[in-house]
Amino acid sequence: MSRAAGAAGRGAGGGGGGPPGLAAPLRRCLPGRGRAGGFWEATLAPRVLAAYRVSLVTSLVAASLNAVFGLLVAWVLVRYRFPGRRVVDALVDLPFALPTAVAGIALTTLYAENGWLGARLAPLGIKVSYTTLGITVALVFIGLPFVVRTLQPVLQDLEAEIEEAAASLGATRWQTFRRVLLPALLPALLTGFALAFARAIGEYGSVVFISGNMPMRTEIAPLLIMTKLEQFDYAGATAIAVVLLLMSFALLLCINVLQWWSRRQAA
Amino acid sequence: MAGIVTSRLHAAPDRTSALTEPRPVRWALTGVALAFLVLFLFIPLVAVFTEGLKKGWEAYLAALVEPDALAAVRLTLLTAAVAVPLNTAFGVAAAWCLAKFRFPGRSILLTLIDLPFAVSPVIAGMVFVLLFGTQGWFGGWLFDHDVKIVFAVPGIVLATTFVTFPFVARELIPLMQEQGPEEEEAARVLGASGWQIFWRVTLPNIKWGLLYGVILCNARAMGEFGAVSVVSGHIRGLTNTLPLHIEILYNEYNFAAAFAVASPLALLGLVTLVAKTAVEWCQARELARGAGAS
């Protein structure tokens with residue numbers, strides 16, 4: 001299958017082009033067109049490799065940001081009191097409840113160059129919508145509750161005694177956090193990170209609007225599957241899906257091991 | 001994944017000065033956390049409504065009552081009306097088996113329930129195309145019998161059901177596990193039949209968790225995008241759900257209409273959050289009453 005045909009499948013750049021799916025039922029009249037050769041040819045084509053790289057790098061950065069800010073949010077929600085704490089706590093679940101397409105168009109419009117946030121970032125030379133930075137923003141939005149909700153119960157159940165012991169032995173608050181609290185929170189933090197990462201790799205709805213979908217640059221792997229399906233290249237789509245599934249299952253395995261570890265540490 | 005997502009927010013314990021941070025640090029941390037949440041969660045939510053109303057109430061309402069939009073609303077409601085009861089029935093049955101009994105293959109069943117969480121929605125949709133598409137496994141047979149699944153309503157319902165499959169079960173399993181089988185065993189000893197045990201003992205115990213599971217499942221069923229996008233074929237007025245209609249409007253640069261159509265879905269999301277908070281509150285009150293009575 002040629003790359004040019006692929007590029008035509010999705011609008012390259014800009015606002016994502018016209019509605020590409022409209023042509024799909026019509027193209028059923030042309031069975032077998034664009035069938036890829038072998039599995040490896042389909043999984044290792046430059047455009048496919050670039051899509052994996054974009055997916056992996058943005059997911060990794062987003063999950064890392066989520067780990068840092070998720071820990072902060074969980075800490076503040078569990079330990080400090082401030083007006084509106086319950087409202088803020090409920091709001092953390094918003095990415096679970098808001099349809100991904102709605103989140104996608106809202107973020108894209110906000111961060112577009114004439115958008116409310118994009119217009120403020122543009123003078124600083126920061127472009128968000130239609131770049132990998134935009135993909136990362138969408139993935140941070142999607143992944144945040146995973147980290148916060150995994151950490152909250154663990155933070156809640158931490159015994160005050162160990163902190164008292166650390167304080168009475170002369171540790172500063174920072175030392176107590178670094179040496180006592182963080183090790184106890186680590187399994188949950190890593191689980192949250194892995195959950196956010198796994199979700200980010202497969203995410204489609206919130207990313208497809210903000211990414212701009214330029215092949216080789218801002219095209220994520222799930223979108224490439226979609227493009228191949230619309231061209232009736234089922235073999236190519238399946239090959240990419242198999243690679244993505246293997247990544248998901250590897251992450252699931254990690255999460256199970258981490259949960260076993262955190263249970264053992266709690267015991 | 002939804003299982004670990006239930007939060008319990010007790011009142012923050014009073015801490016002596018040795019066990020908390022100095023006040024400026026507390027304020028700074030709270031400030032940064034709130035700024036982050038406002039930037040990433042609150043502003044996008046507000047943007048949906050302000051952008052939808054940008055061209056005034058008349059344009060907003062016109063976008064909502066346009067025939068294609070109404071057709072999308074009807075299809076979305078139909079899809080949820082099939083997917084949610086199916087997954088509720090399945091979720092209660094699966095949670096009951098997994099929480100109250102030990103049997104071989106139990107952990108495999110648990111993993112299978114989580115599968116739709118682990119799989120990208122695009123891949124979930126693709127599986128149905130591979131199975132029921134014209135070139136798919138059952139494609140030939142379906143074509144001969146003139147049954148359309150992919151690029152038609154049945155495919156949309158199937159994909160939605162698959163993606164929202166785990167929500168009720170995942171909400172109930174930890175709850176039922178915590179409650180244990182003792183009350184059911186007591187009812188059994190007192191001579192209750194299986195149905196009586198379910199209606200009088202099990203169901204009252206799980207009602208709040210079940211309610212939230214159903215609400216969450218419904219929100220996801222109405223908002224599902226990736227999987228439905230693969231199987232729908234995007235035929236306007238026929239196989240377009242609300243999220244797909246939003247995509248079409250947005251890609252046609254009809255931004256105000258796209259956000260207008262998105263606003264009921266955002267409202268549904270807000271209702272889901274409020275429902276979750278209310279359910280947790282009821283649950284906590286019931287627990288407190290139970291503790292007070294004993």
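The following is a dialogue on how terms apply to a predicted model.

Student: What makes a feature usable in this predicted model?

Tutor: In this predicted model, local features need pLDDT of at least 70 and side-chain atom pairs count only at pLDDT 80 or more, while totals for chains, interfaces and linings use all residues. Residues are numbered from 1 along each chain as its sequence is written, chains are lettered from A and ligands numbered from 1 in the order in which they are written, and side-chain values use heavy atoms, with hydrogens and water left out.

Student: Why is B:Glu51 called buried or exposed?

Tutor: Buried means under 20% relative accessible area, exposed means over 50%, and partly exposed is in between (1.4 Å probe, protein chains only). B:Glu51 has 17% relative accessibility, so B:Glu51 counts as buried. B:Glu51 is found in helix 1 of chain B; helices (H or I, at least four residues) and strands (E, at least two) are DSSP runs, numbered from the N terminus.

Student: What is B:Glu51 in contact with, leaving aside its neighbours within four places in sequence?

Tutor: Contact means heavy atoms within 4.5 Å. With those neighbours left aside, B:Glu51 is in contact with A:Thr109, B:Ala256 and B:Phe259.

Student: Which residues lie nearest the centre of the second largest pocket?

Tutor: They are A:Thr109, A:Asn114, A:Gly115, B:Glu51 and B:Lys54, out of 20 lining residues. The work is done on a 1 Å grid over the protein atoms alone: a cavity is a set of points where a 1.4 Å probe fits but cannot get out, a pocket is an open set with protein on both sides within 12 Å along at least five of seven lines, and lining residues have an atom within 4 Å of a point. This pocket holds about 440 Å³ of space, where grid points are joined across faces, edges and corners and a volume is the space filled by probe spheres set on the points. Helix 1 of chain B gives the most to the lining of the second largest pocket, with 5 residues.

Student: How many residues of the lining of the second largest pocket are nonpolar, polar and charged?

Tutor: Ala, Val, Leu, Ile, Met, Phe, Trp, Tyr, Cys and Pro count as nonpolar, Asp, Glu, Lys and Arg as charged, and the others, Gly among them, as polar. On that scheme the lining of the second largest pocket has 11 nonpolar, 6 polar and 3 charged residues.

Student: What is known of the largest cavity and its volume?

Tutor: The structure holds 5 cavities of 30 Å³ or more, and the largest cavity has a volume of about 460 Å³. Its lining has 37 residues, with A:Arg199, B:Pro116, B:Phe117, B:Val163 and B:Arg220 nearest its centre. By class, the lining of the largest cavity has 26 nonpolar, 7 polar and 4 charged residues, and helix 10 of chain B gives the largest share, 5 residues.

Student: How do you know that the length of helix 5 of chain B agrees with its expected span?

Tutor: The expected span of a helix is 1.5 Å times one less than its number of residues. The 12 residues of helix 5 of chain B should therefore span 16 Å, and its end C-alpha atoms are 17 Å apart, which agrees. Among the buried residues of this helix 5 of chain B are B:Val122, B:Phe128 and B:Phe132.

Student: What makes a set of residues a nonpolar core?

Tutor: A nonpolar core is a set of buried Ala, Val, Leu, Ile, Met, Phe, Trp, Tyr and Cys residues joined through side-chain atoms within 4.5 Å. The largest one has 157 residues, of which A:Ile225 and B:Leu172 touch the most other members. Helix 4 (residues 46-79) of chain A gives the most to this core, with 15 residues.

Student: What is noted about phi of A:Phe232 and of A:Tyr130?

Tutor: Most residues other than glycine have a negative phi. Phi of A:Phe232 is near 60° and phi of A:Tyr130 is near 65°, each a positive value in a residue other than glycine. A:Phe232 is in the loop between helix 13 and helix 14 of chain A, and at 3% relative accessibility A:Phe232 counts as buried. A:Tyr130 has a relative accessible area of 23%, so A:Tyr130 is partly exposed.

Student: Why is B:Gln179 called buried, exposed or partly exposed?

Tutor: B:Gln179 has 28% relative accessibility, so B:Gln179 counts as partly exposed. B:Gln179 lies in helix 8 of chain B and touches B:Asn205 and B:Ile206, not counting residues up to four places away in sequence.
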